[in-house]
Amino acid sequence: MSPLTLVVLCFALVFPGPSLAAEGQCTAYKRGGLLHMKHYVCCDNCGENDGAPDCGQTTYLADSTERDYCGSCGEDLGDARETVGMFGCGGCTGQAIVSHRCDKRYVYAGASFCWLHSKCFELRCQKVAQDAALESSPTDQPYCGDSHCDKHREDAASCPFDCCPLRNPDECRHPYHCSKCPPLCCAETGCCLD
């Protein structure tokens, strides 16, 4: 092994890049430029099932059969331009439940080019992780990410994902069977009302 290779390897071990998710964590990515953008999630499940997880190398991506953006242990193979968020999700079981719900909610043309599916995945995973930490069963209680703005617990500041579509429906409505993607500011407190 050449000295240069050894230096690069040591540097990579000491300062790991954003392409690997922390063990047991999922990472939401944004890939490509304006015309080639994809939003997807990779999860590190290498600690499950003696290193052979049931959902290893699964790419969580809306409206697509592509499964080549995520490598083993949550490695990003899609040359992501940006890491959008990191979160826990209860391993393969939690991810399968969350993926099923978000896939059903955001099935429309061009959904993988929109941030809604990845944000849905992240928020619902946070709920799964919270339930696991509290050792409680999932409940029907409202939570940020269920796509319903609960007037008693949520508002545009505390949960823009759920409440911005009510505050600014022209810009922030979540599409179901159309290709319009709301601006990313609809996931932020301002809700496109600067």
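Here are a few worked exercises on this predicted model.

**Exercise 1. Get your bearings: how many helices and strands are there in the protein, and how do the elements run from the N terminus on?**

Solution. Start with the tally: the protein has five helices and three strands. Now walk along the chain from the N terminus, and the elements come out as α-β-β-β-α-α-α-α. For the overall picture, 41% of the 194 residues count as buried. Then look at contacts between residues at least 6 apart in sequence: 56% of them join residues at least 24 apart.

**Exercise 2. Work out how helix H2 and helix H3 cross, and which residues make the contact.**

Solution. Two packed helices are described by the angle between their axes and the distance between the axes. Take H2 (residues 91–105) and H3 (residues 116–133): their axes come within 9 Å and cross at roughly 140°. The cut-off for roughly antiparallel is over 145 degrees, so H2 and H3 end up oblique to each other. As for handedness, H2 passes H3 in a right-handed crossing.

Next, the residues. H2 brings Gly94, Gln95, Val98, Ser99, Arg101, Cys102, Asp103 and Arg105 to the contact, and H3 brings His117, Cys120, Phe121, Arg124, Cys125 and Val128. Sort the residues of this contact by type and you get six nonpolar, four polar and four charged.

**Exercise 3. Zoom in on Phe121 of H3 and Ser99 of H2: buried or exposed, and what do they touch?**

Solution. Phe121 sits in helix H3. With a relative accessible area of 0%, Phe121 is buried. Skip its neighbours within four places in sequence, and Phe121 is in contact with Cys26, Val41, Cys43, Tyr60, Phe87, Cys89, Gln95, Val98, Ser99 and Cys102. Pick Val41 from that list: Phe121 and Val41 are 80 residues apart in sequence, yet their C-alpha atoms are 8.0 Å apart in space.

Now Ser99, which belongs to helix H2. Its relative accessibility is 10%, so Ser99 counts as buried. Leaving out residues up to four places away in sequence, Ser99 touches Tyr60 and Phe121. Tyr60 also turns up among the contacts of Phe121.

**Exercise 4. Check the span of H3, then find what its buried residues pack against.**

Solution. First the span: at 1.5 Å a residue, the 18 residues of H3 should cover 26 Å, and the end C-alpha atoms are 26 Å apart, which agrees. Then the burial: Leu116, His117, Ser118, Cys120, Phe121, Glu122, Leu123, Arg124, Cys125, Lys127 and Asp131 are buried in H3. These buried residues pack against strand E1 (25–31), strand E2 (38–43), strand E3 (80–88), H2 and H4. Finally, look just after H3: Glu135 takes a positive phi of about 55° there.

**Exercise 5. Why is helix H4 described as largely enclosed by the rest of the structure?**

Solution. Count the buried positions: six of the eight residues of H4 (residues 160–167) are buried, so the helix is largely enclosed. The six are Pro160, Phe161, Asp162, Cys163, Cys164 and Pro165. Their packing partners are H3 and helix H5 (169–172).

**Exercise 6. Place Lys30 and list its contacts.**

Solution. Lys30 is in strand E1. At 12% relative accessibility, Lys30 counts as buried because the cut-off is under 20%. Not counting residues up to four places away in sequence, Lys30 touches Met37, Lys38, His39, Ala80, Arg81, Glu82 and Val84. As a distance check, Lys30 and Tyr40 are ten residues apart along the chain, with 6.7 Å between their C-alpha atoms.

How values were computed:
Residues are numbered from 1 along each chain as its sequence is written. This is a predicted model: local features need pLDDT of at least 70, side-chain atom pairs count only at pLDDT 80 or more; totals for chains, interfaces and linings use all residues. Side-chain values use heavy atoms; hydrogens and water are left out. Axes are lines fitted to C-alpha atoms, for helices over the stretch in contact, and angles run from 0 to 180 degrees between N-to-C directions. Helices (H or I, at least four residues) and strands (E, at least two) are DSSP runs, numbered from the N terminus. Angles under 35 degrees count as roughly parallel, over 145 as roughly antiparallel, 65 to 115 as roughly perpendicular and the rest as oblique. A crossing is left-handed if the near helix is turned anticlockwise from the far one by less than a right angle, and right-handed if clockwise. Contact means heavy atoms within 4.5 Å. Ala, Val, Leu, Ile, Met, Phe, Trp, Tyr, Cys and Pro count as nonpolar, Asp, Glu, Lys and Arg as charged, and the others, Gly among them, as polar. Buried means under 20% relative accessible area, exposed over 50%, partly exposed in between (1.4 Å probe, protein chains only). The expected span of a helix is 1.5 Å times one less than its number of residues.
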